[in-house]
Amino acid sequence: MIAAFARFDLLSWFARKQTLLTLLFVVVVGVVLPVPGMAILAAALVTSLMVSAPFLGDEKGRLDTLYGLLPIARSTVVIGRVIALVTYYLSAAALATAVTLVMAAVRGDQVAPGILLIAHAAAAAIVGLSLALQLPVFFRIGYSRGRLMAYAPAFVVAGGAWLGQATGMLAPLQQALASTPVEVMVLVGILIGIVGIVIATALAARMYRGRAL
């Protein structure tokens, strides 16, 4: 049932023009900005913005009411939607990687594998953070009342960067990262992403069980 719902969820919003435009944005970033890894980070950014899209579709099509009538557990809806969103992210990340490698070949540049791995790890951490911040809210109160949460990840990242700069912690952090092995940074980023997804799923399932549909 989980796989079936994830497939249904993807069919309801993945093929829409708005979704395809976000993937086009990833391509544009990879073509316009020659910095390796920027398209991969853009894939994480558009994923954080796309988290709200299925919930908007639920309200427009009254699918949230349908879910309450179907003989499926609410945890099935939550896990299925998480799988659908992660599938979108992986698609965007794969597209970003392909564009990065193609543009590097066109420009005659060489992309260090370590840079791509670090970019993917950072993107995974951003996606995990985005899901943890947004999914519990959207599953609890829906899109209309929680729409501003779509911008929460960007505010958290920008606010953290500003706070680090204001307190003087950003420079030591950059120095520490510069001396950290690539393998460690990649592992930490992936772990943050996985933990964020697990926390998002657990909290969202708990919030969704208490919501009246």
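**Exercise 1. Val82 and its neighbours**

Task: Find which residues Val82 touches, not counting residues up to four places away in sequence, and establish whether Val82 is buried or exposed.

Solution.
Step 1. Leaving out residues up to four places away in sequence, Val82 has contacts with Leu135, Ile197 and Thr201. The coordinates come from a predicted model.
Step 2. Val82 belongs to helix 6.
Step 3. The relative accessibility of Val82 is 6%. Buried means under 20%, so Val82 counts as buried.
Step 4. For distances from Val82, take C-alpha atoms. Those of Val82 and Leu45 are 16 Å apart, with the two positions 37 residues apart along the chain. Those of Val198 and Val82 are separated by 9.6 Å, at 116 residues apart along the chain.
Step 5. Val198 sits in helix 10 (residues 182–209). With a relative accessible area of 52%, Val198 is exposed, because the cut-off for exposed is over 50%.

**Exercise 2. The salt bridges**

Task: Determine how many salt bridges the model has, and which residues they join into one network.

Solution.
Step 1. The criterion is a side-chain nitrogen of Lys or Arg within 4 Å of a carboxyl oxygen of Asp or Glu. Applying it gives two salt bridges.
Step 2. One of them is between the side chains of Arg81 and Asp9, at 2.7 Å from N to O. This pair ties together distant parts of the chain: Arg81 is in helix 6 (residues 74–107) and Asp9 in helix 1 (residues 2–13), 72 residues apart.
Step 3. Asp58 also forms a salt bridge with Arg81, and here the closest N and O atoms are 2.6 Å apart. Again distant parts of the chain are linked, with Asp58 in helix 4 (residues 53–61) and Arg81 in helix 6, 23 residues apart.
Step 4. Shared partners put Asp9, Asp58 and Arg81 into one network of salt bridges.
Step 5. Check the accessibility of each member. Arg81 has 0% relative accessibility and counts as buried. Asp9 has a relative accessible area of 0% and is buried. Asp58, at 6%, counts as buried too.

**Exercise 3. Helix 4**

Task: List the buried residues of helix 4, state which helices they pack against, and describe the residue that follows helix 4.

Solution.
Step 1. The buried positions in helix 4 are Ala53, Pro54, Phe55, Gly57 and Asp58.
Step 2. Their packing partners are helix 1, helix 3 (38–50), helix 5 (63–69), helix 6 and helix 7 (113–146).
Step 3. After helix 4 comes Arg62, with a positive phi near 55 degrees.

**Exercise 4. The second largest pocket and Thr22**

Task: Give the volume of the second largest pocket, describe the residues that line it, and then place Thr22 in its helix.

Solution.
Step 1. The second largest pocket holds about 330 Å³ of space.
Step 2. Its lining has 15 residues, and the closest to the centre are Gln18, Met50, Ser52, Ala53 and Leu56.
Step 3. The elements contributing two or more residues to this lining are helix 2, helix 3 and helix 4.
Step 4. By type, the lining of the second largest pocket divides into eight nonpolar, four polar and three charged residues.
Step 5. Thr22 is part of helix 2 (residues 17–32). Its relative accessible area is 17%, under the 20% cut-off, so Thr22 is buried.
Step 6. Residues up to four places away in sequence aside, Thr22 touches Val46, Met50 and Tyr88. Met50 was also listed in Step 2, among the residues closest to the centre of the second largest pocket.

**Exercise 5. The whole chain**

Task: Describe the secondary structure of the protein chain and explain why it is as compact as a globular protein of its length.

Solution.
Step 1. The protein chain has ten helices and zero strands, and its pattern along the sequence reads α-α-α-α-α-α-α-α-α-α.
Step 2. The radius of gyration of the protein chain is 18 Å, whereas the globule rule gives 17 Å for 213 residues; the two values are close, so the chain is as compact as a globular protein of that length.
Step 3. Along the principal axes, the C-alpha trace extends about 55 × 40 × 25 Å.
Step 4. Of the 213 residues in the protein chain, 39% are buried.
Step 5. Take the contacts between residues at least 6 apart in sequence: 81% of them join residues at least 24 apart.

Note on methods
Residues are numbered from 1 along each chain as its sequence is written. This is a predicted model: local features need pLDDT of at least 70, side-chain atom pairs count only at pLDDT 80 or more; totals for chains, interfaces and linings use all residues. Side-chain values use heavy atoms; hydrogens and water are left out. Helices (H or I, at least four residues) and strands (E, at least two) are DSSP runs, numbered from the N terminus. Buried means under 20% relative accessible area, exposed over 50%, partly exposed in between (1.4 Å probe, protein chains only). Contact means heavy atoms within 4.5 Å. On a 1 Å grid over the protein atoms alone, a cavity is a set of points where a 1.4 Å probe fits but cannot get out, and a pocket is an open set with protein on both sides within 12 Å along at least five of seven lines; lining residues have an atom within 4 Å of a point. Grid points are joined across faces, edges and corners, and a volume is the space filled by probe spheres set on the points. Ala, Val, Leu, Ile, Met, Phe, Trp, Tyr, Cys and Pro count as nonpolar, Asp, Glu, Lys and Arg as charged, and the others, Gly among them, as polar. The radius of gyration is taken over C-alpha atoms; the globule rule is 2.2 Å times the number of residues to the power 0.38.
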